[in-house]
Amino acid sequence: MSDLRELYQQVILDHYKRPRNFQKMECANRHAEGHNPLCGDEITVYLQMDGDVIKEISFQGAGCAISQSAASLMTTALKGKTKAEAEELFKKFHDMVTGEGNGADPMELGKLAVFCGVSEFPVRVKCASLPWHTLHAALEGKDESVSTES
Ligand code: ZN
């Protein structure tokens, strides 16, 4: 288990140091901002929707390794997914990091499973889920910013 944990930490650090899809998207037709006042994390998610499909996704932000790597991994997982598939993945991810949802299979989450250890650190749960809450707001087409404290 400790080897696995080390591997997970390496993936998280890699995405923190070299975030994927980290850019402002000029052609975005949806975007939302989120922040986590507890930790100071900020995320902006950009989407280019083609009907119900996420054609392109990118983000910008600043904050801790957990929030930024969670955003980076989220963008790699969601490109080409439908809105419904994205919301489903959000639910599974949320269940995993909060330790809720008995029997949730981390394998269904693919690389997102690297965040399974977060459930042991309640203060970090908001960091890991911030990008997803922000994504949700963008998918819903809400323009106001979201906060983990609201
Ligand atoms: Zn954080």
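What follows is a working chat about a predicted model, covering its sheet, its zinc site and a few single residues.

Me: Which order do the strands of the sheet come in?
Reply: In this predicted model, the sheet is open and has four strands in the order E3-E2-E1-E4, with mixed pairing. The edge strands are E3 and E4, each of which pairs on one side only.

Me: How many bridges join E1 to E2, and in which sense do the strands run?
Reply: Strand E1, residues 30–36, is joined to strand E2, residues 41–50, by seven bridges, and the two run antiparallel. They form a hairpin with four residues between them, and in that turn Gly40 has a positive phi of about 90 degrees.

Me: And what about E1 with E4, parallel or antiparallel?
Reply: That pairing is parallel, with two bridges between E1 and strand E4, which covers residues 146–147. Gly34 can serve as a landmark here, since Val146 in E4 stands opposite Gly34, while in E2 the bridge partner of Gly34 is Ile43.

Me: Where does the ladder go from Ile43?
Reply: Into E3, where Ile43 has Gly61 as its bridge partner. E2 and E3 run antiparallel and are joined by nine bridges. Helix H2 packs on the sheet, touching E2 and E3, and its direction makes about 170 degrees with that of E3.

Me: Switching to the metal, which residues are the protein donors of the zinc ion?
Reply: The donors are SG of Cys39, Cys64 and Cys127, together with Asp41, which is listed twice through OD, and they lie 2.1 to 2.7 Å from the zinc ion. Along the chain the donors follow the spacing C-x1-D-x22-C-x62-C. One pair among them links distant parts of the chain, with Asp41 in strand E2 and Cys64, 23 residues apart from Asp41, in the loop between strand E3 (53–62) and helix H2 (65–78).

Me: Are Asp41 and Cys64 buried or exposed?
Reply: Both Asp41 and Cys64 are buried.

Me: Back to helices: at what angle do H1 and H2 pack?
Reply: Helix H1, residues 2–17, packs against H2 at an angle of about 85 degrees, and their axes are 8 Å apart. The angle therefore makes H1 roughly perpendicular to H2.

Me: Which residues meet there?
Reply: From H1 the contact has Val11, Ile12, His15 and Tyr16, and from H2 it has Ala65, Ile66, Gln68, Ser69, Ser72, Leu73 and Thr76. The residues of this contact divide into six nonpolar, five polar and no charged.

Me: What is the phi of Asn21?
Reply: Asn21 has a positive phi of about 55 degrees, although it is not a glycine. As background, most residues other than glycine have a negative phi. Asn21 sits in the loop between H1 and E1.

Me: Why does Asn21 count as partly exposed?
Reply: Asn21 counts as partly exposed because its relative accessibility is 28%, and that class lies between the limits of 20% and 50%.

Me: Last one, where is His94 and what does it touch?
Reply: His94 is found in helix H3, residues 83–98, and, leaving aside residues up to four places away in sequence, it touches Ser129 and His133. His94 and Ala128 are 34 residues apart in sequence, with 8.8 Å between them in space, C-alpha to C-alpha. Because its relative accessibility is 24%, His94 also counts as partly exposed.

Notes. Residues are numbered from 1 along each chain as its sequence is written. This is a predicted model: local features need pLDDT of at least 70, side-chain atom pairs count only at pLDDT 80 or more; totals for chains, interfaces and linings use all residues. Side-chain values use heavy atoms; hydrogens and water are left out. Two strands pair if DSSP finds at least two bridges between them. Donors are N, O and S atoms within 2.8 Å of the metal (3.2 Å for Na, K and Ca); water is not among the atoms, so sites may look incomplete. Buried means under 20% relative accessible area, exposed over 50%, partly exposed in between (1.4 Å probe, protein chains only). Axes are lines fitted to C-alpha atoms, for helices over the stretch in contact, and angles run from 0 to 180 degrees between N-to-C directions. Angles under 35 degrees count as roughly parallel, over 145 as roughly antiparallel, 65 to 115 as roughly perpendicular and the rest as oblique. Contact means heavy atoms within 4.5 Å. Ala, Val, Leu, Ile, Met, Phe, Trp, Tyr, Cys and Pro count as nonpolar, Asp, Glu, Lys and Arg as charged, and the others, Gly among them, as polar.
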